[in-house]
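Me: I would like a close look at a single part of this structure. Please start there, and then work outward to what surrounds it and to the chain as a whole.

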Amino acid sequence: MKKEFAKLEGATILVTGGAGFVGSNLIKQLLDCGARVICFDNFSTGKKENITEFFSDSNFILIEGDANKKEELFQAFKDSTVDYVFHYAATVGVVRTIEQPLAVLHDIQGIQTILEFSRQRGVKKVMFASSSEVYGEPLELPEKEDGRLNAELPYATVKLIGEHYLKAYYTTFGLKTCSLRFFNVYGPKQDSSSYGFVAGVFLRQALQGNNLTVFGKGNQTRDFVYVDDNIEASLLALVSDSTNGKVMNIGVGKPTTILQLAQAVQHLCHNPKVAINFLPLRKGGEIIHRCPDINKMKEYINFVPQYSLEAGLQKTFEWYKNNLERLSL
């Protein structure tokens, strides 16, 4: 355990959306730090199998509830003095959020309630999972936290509203907050269904012996960050006062085309029958380019991601291969 995380030992930390992909990986690291963790989830997209490994840990508490319902969220605060909060509960996935725009808007209530409960009960710091989607189709590259935004989708708009709420609570009430703009996180436990994300989808397709489906020519770019790097950066942001009231990109700062990702997965699976199938571009204005400026991450927390795409994909591939029965079909 890093010496910076020593302050987390014995602390009570609430993780909303804790049964999700990033949330469950975060919980594992928090428990390894000796924290007492309250996982709050309604399992609308999170999965119990993501957290069953923690059930035997006396420092793990599961509360089932909807973070957007005040009376249910209160259950996470009423019996515990919460030291820190990671608010990761959200309607996630571009396809799902386009299909359910009103469900996305409900997330605003959850953000407001988390902040108000945290202010009233003396929480030391609130962390918020924002998204690179706030940049929309970028007006500048690389994408900078204090640069130009182009949020258009309901999901992106809600994330941006959340960021503003967190900053307002810091400047108005002194509640320490930090918004983390996640770029394309991948790793074990990620959803690989049609509602999931491209790295997980490709790995599932490859392991099932299917062709990898690439839309267009595959020249869209994304910034792929392995989940362990994402979590280490998030924990460093939690314990650092330099991030108080700030917004910070979490990414690698290196664009990778979707075709390059598909070729990397194709190489990993060693199955000559797995080819790349090019399909027409999807309707709905898919973002073409995405790449963060990570200078703030270096400045605030002195962190640079450690995993190359190849190393991260290898670890993810091994987990998927050993957990085929869990993959969403």
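Reply: Helix α6 is followed by G174, and the phi of G174 is positive, near 80°. This is a predicted model, and the angle is a computed value. Most residues other than glycine have a negative phi, and most peptide bonds are trans.

The helix itself covers residues 154-173. At 1.5 Å a residue, its 20 residues should span 28 Å, and the end C-alpha atoms are 28 Å apart, so the expected and modelled values agree. Part of α6 is hidden from the surface: its buried residues are Y155, A156, V158, K159, L160, G162, E163, L166 and Y169. That list contains the charged residues K159 and E163 as well as nonpolar ones such as V158 and L160.

Elsewhere in the chain, two residues that are not glycine also have a positive phi. H270 has a phi of about 55° and is found in the loop between α9 (258-269) and β13 (276-279). At 65% relative accessibility, H270 counts as exposed, because the cut-off for that word is over 50%. N302 also has a positive phi of about 55°. N302 lies in the loop between α10 (295-301) and α11 (309-322), and it is exposed, with a relative accessible area of 70%.

The backbone has another feature to point out, in the loop between β5 and α6, where P142 is placed. A cis peptide bond joins L141 and P142, with omega about -5°.

Next comes the sheet. Seven strands form an open sheet in the order β3-β2-β1-β4-β5-β6-β11, and the pairing is parallel. β3 (60-64) and β11 (246-250) stand at the edges with a single partner strand each, so one side of each has no neighbour in the sheet. From one strand to the next, the twist averages 20°.

The pairing can be followed strand by strand. Strands of a sheet pair through backbone hydrogen bonds, either parallel or antiparallel. β1 (residues 12-16) pairs with β4 in the parallel sense over four bridges, and T16 has H87 in β4 as its bridge partner. On to β5 (residues 125-131): four bridges join it to β4, and the two run parallel. Here F86 stands opposite M127 in β5. At the edge, strand β6 (residues 177-182) and β11 pair in the parallel sense over five bridges, and the bridge partner of R181 in β11 is N249.

β4 (residues 84-87) is covered on both faces. Y84 and F86 on one side, and V85 and H87 on the other, are all buried. In a regular strand the side chains alternate between the two faces of the sheet.

Helix α1 (residues 21-32) lies across β1, β2 (36-41), β3, β4 and β6, and runs at about 170° to β1.

What fills the interior? The largest nonpolar core has 67 residues, and those with the most contacts inside it are L8, I13, L30, F86, L180 and I301. Helix α8 (residues 227-239) gives the most to this core, with eight residues. A second, separate core of 24 residues includes L73, V82, L115 and F128. In soluble globular proteins, nonpolar side chains tend to be buried together. Leaving aside residues up to four places away in sequence, L30 touches L8, I13, V15, A35, V37, F86 and L235.

E9 shows the other situation. It lies in the segment before β1 and is exposed, with a relative accessible area of 57%. The C-alpha atoms of E9 and L30 are separated by 8.6 Å, although the residues are 21 residues apart along the chain. Again leaving aside residues up to four places away in sequence, E9 touches C33, G34 and A35.

For the whole protein chain, there are eleven helices and 13 strands. The radius of gyration is 19 Å, close to the 20 Å that the globule rule gives for 329 residues, so the chain is as compact as a globular protein of that length. Buried residues make up 54% of the 329 residues. Of the contacts with a separation of 6 or more, 79% are between residues 24 or more positions apart.

Terms used: Residues are numbered from 1 along each chain as its sequence is written. Side-chain values use heavy atoms; hydrogens and water are left out. Buried means under 20% relative accessible area, exposed over 50%, partly exposed in between (1.4 Å probe, protein chains only). Two strands pair if DSSP finds at least two bridges between them. The expected span of a helix is 1.5 Å times one less than its number of residues. Axes are lines fitted to C-alpha atoms, for helices over the stretch in contact, and angles run from 0 to 180 degrees between N-to-C directions. Contact means heavy atoms within 4.5 Å. A nonpolar core is a set of buried Ala, Val, Leu, Ile, Met, Phe, Trp, Tyr and Cys residues joined through side-chain atoms within 4.5 Å. The radius of gyration is taken over C-alpha atoms; the globule rule is 2.2 Å times the number of residues to the power 0.38.
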